[in-house]
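Me: I would like to go through this model with you, one contact at a time. Could we begin with the nucleic acid and then turn to the protein?

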Protein chains: 2
Amino acid sequence: MQITRQTEYAIRTMLELASRPRGEVLQVKIISERQGIPVEFLKKTVQLLSLAGLVKTRRGVQGGIMLAKAPEDVNMADIVKAIEGPIAFNICLEPGYICPNRDICPVSPVLARAQAAFLQELKRESLADLVKKHD
Amino acid sequence: MQITRQTEYAIRTMLELASRPRGEVLQVKIISERQGIPVEFLKKTVQLLSLAGLVKTRRGVQGGIMLAKAPEDVNMADIVKAIEGPIAFNICLEPGYICPNRDICPVSPVLARAQAAFLQELKRESLADLVKKHD
DNA sequence: ACAAAGTGGATATAATATATCCACTATAGG
DNA sequence: CCTATAGTGGATATATTATATCCACTTTGT
Ligand code: SF4
Ligand code: SF4
């Protein structure tokens, strides 16, 4: 019932990027130092963000990463999902899982609603909102 | 980012109890059979429910467990908390944990709000509500 | 006395989260 | 072209947590 450490790393990374002039490239190593995140682990994390289309990367000398979208167009739910995959507060809410008592089970819908409420709160917060608060 | 299996066991156990005439004692073994839950594991789960004051237990012959309160007075959040302890969607929301950047961190409040939204949805659903839907 | 049923501690097993290692590929710049 | 740099990707290690089992004990109705 907790976001993973990696998810927070991802959020802080996105914040770090968003606090910079648009289009600026930042090296993963620099982010790891500034945020106190193990660099090798952060690399993996960035790959997930990249796969989700939240950051663009550039290899080689002068490389690094940058936001793929404007901070206004990225919300917290996007980032959490990028790292944790589809959110499912219970096994039966995972895509593809079929529970035999699904039809008669009163628990599943309640969890689904609670989960929706959670996600909606995250969706309401854009990266830009967060950066603003930070200042 | 998921409730544990044990938490669902607890919820289903409470539902099982609530679907009975008030005050009736049910044996853990029976519940485990009817719900397909490993009995030894369910015993531990019941102890947590008991500790949280959600069920009353009686030992020995003709013993078993029963609801400690009316189904109307128990909500889903109560049960989840009974098993998982205080809910904290991130480490900094755990009671007692102090994060050095807490004061300037814009992430923490967002997660706190999302968590509150989640809990509120669970609070809105009483055990009685769920049993009703089941029928 | 005896069997039933919850209590509690110890342990085993599996799954997941976190972290590290290292070989590889792409790229800017000399 | 060479080289240092920086992301890519696979394999592995370690720690933590979730799930499950074992068993000795206590309580209690008959
Ligand atoms: S029993 Fe209900 S809550 Fe549990 S997995 Fe099946 S549908 Fe979901
Ligand atoms: S950095 Fe922010 S979100 Fe992360 S633990 Fe500290 S307060 Fe919480």
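Me: How many residues surround DNA strand C, and which are the closest?

Reply: This is a predicted model. In it, 27 residues surround DNA strand C. The closest are Arg59(A), Gln27(B), Lys44(B), Gly60(B) and Gly64(B).

Me: What share of the strand C atoms within 4 Å of the protein belongs to sugar or phosphate?

Reply: Sugar or phosphate accounts for 57% of those atoms of DNA strand C, and bases for the rest.

Me: Which polar contacts can you name there?

Reply: A side-chain N or O atom of Gln27(B) is 2.5 Å from a phosphate oxygen of DNA strand C. Another phosphate oxygen contact involves a polar backbone atom of Arg5(A), at 3.1 Å. On the base side, an N or O atom in the side chain of Glu40(A) is 3.0 Å from a base nitrogen of strand C.

Me: Which elements give two or more residues to that surface?

Reply: In chain A they are helix H1 (5-18) and H3, and in chain B they are H3 and strand E1 (55-58). H3(B) gives the largest share, four residues. By class, the surface near DNA strand C has seven nonpolar, eleven polar and nine charged residues.

Me: And strand D, which residues are closest to it?

Reply: Gln27(A), Lys44(A), Gly60(A), Gly64(A) and Arg59(B) are the closest of the 25 residues that surround DNA strand D. Of the strand D atoms within 4 Å of the protein, 58% belong to sugar or phosphate.

Me: Which side chain or backbone atoms reach the bases of strand D?

Reply: A side-chain N or O atom of Arg59(B) is 2.9 Å from a base oxygen of DNA strand D. A polar backbone atom of Val61(A) is 3.2 Å from a base oxygen of that strand. For the phosphates, the side chain of Gln27(A) places an N or O atom 2.8 Å from a phosphate oxygen of strand D.

Me: Changing topic: how much area do chains A and B bury between them?

Reply: They bury about 3,200 Å², 66% of it on carbon and sulfur atoms. In chain B, the residues that lose the most area to chain A are Met1(B), Gln2(B) and Pro106(B), together 22% of what that side buries. The contact takes 31 residues from each of chain B and chain A.

Me: How many salt bridges are there between the chains?

Reply: There are two salt bridges between chain B and chain A. One of the pairs joined in this way is Glu125(B) and Arg113(A), with 2.6 Å from N to O. H5(B) supplies the largest share of the side of chain B that touches chain A, ten residues. That side divides into 19 nonpolar, four polar and eight charged residues.

Me: What rotation superposes chain B on chain A?

Reply: A rotation of 180°, with 0.0 Å of shift along its axis, superposes chain B on chain A at an RMSD of 0.0 Å. That is the relation of a two-fold axis. In chain B, the C-alpha of Met1(B) is the nearest to the axis, 2.2 Å from it. Both copies use the same surface, and 100% of the contact residues of chain B recur in chain A.

Me: Lastly, where does ligand 1 lie?

Reply: Ligand 1 lies between chains A and B. The residues around ligand 1 include Cys92(A), Cys99(A), Cys105(A) and Glu8(B). By class, the shell around ligand 1 has five nonpolar, three polar and two charged residues.

Terms used:
Residues are numbered from 1 along each chain as its sequence is written. Chains are lettered from A and ligands numbered from 1 in the order in which they are written. This is a predicted model: local features need pLDDT of at least 70, side-chain atom pairs count only at pLDDT 80 or more; totals for chains, interfaces and linings use all residues. Side-chain values use heavy atoms; hydrogens and water are left out. A residue is near a molecule or strand if one of its heavy atoms lies within 4 Å of it. A polar contact is a pair of N or O atoms within 3.5 Å; within protein, one must be able to donate a hydrogen and the other to accept it, and residues adjacent in sequence count only if both atoms are side-chain atoms. Contact means heavy atoms within 4.5 Å. Buried area is the accessible area (1.4 Å probe) that two parts lose on being put together, summed over both. A salt bridge is a side-chain nitrogen of Lys or Arg within 4 Å of a carboxyl oxygen of Asp or Glu. Ala, Val, Leu, Ile, Met, Phe, Trp, Tyr, Cys and Pro count as nonpolar, Asp, Glu, Lys and Arg as charged, and the others, Gly among them, as polar. Copies are superposed by least squares on the C-alpha atoms of residues with pLDDT of at least 70 in both.
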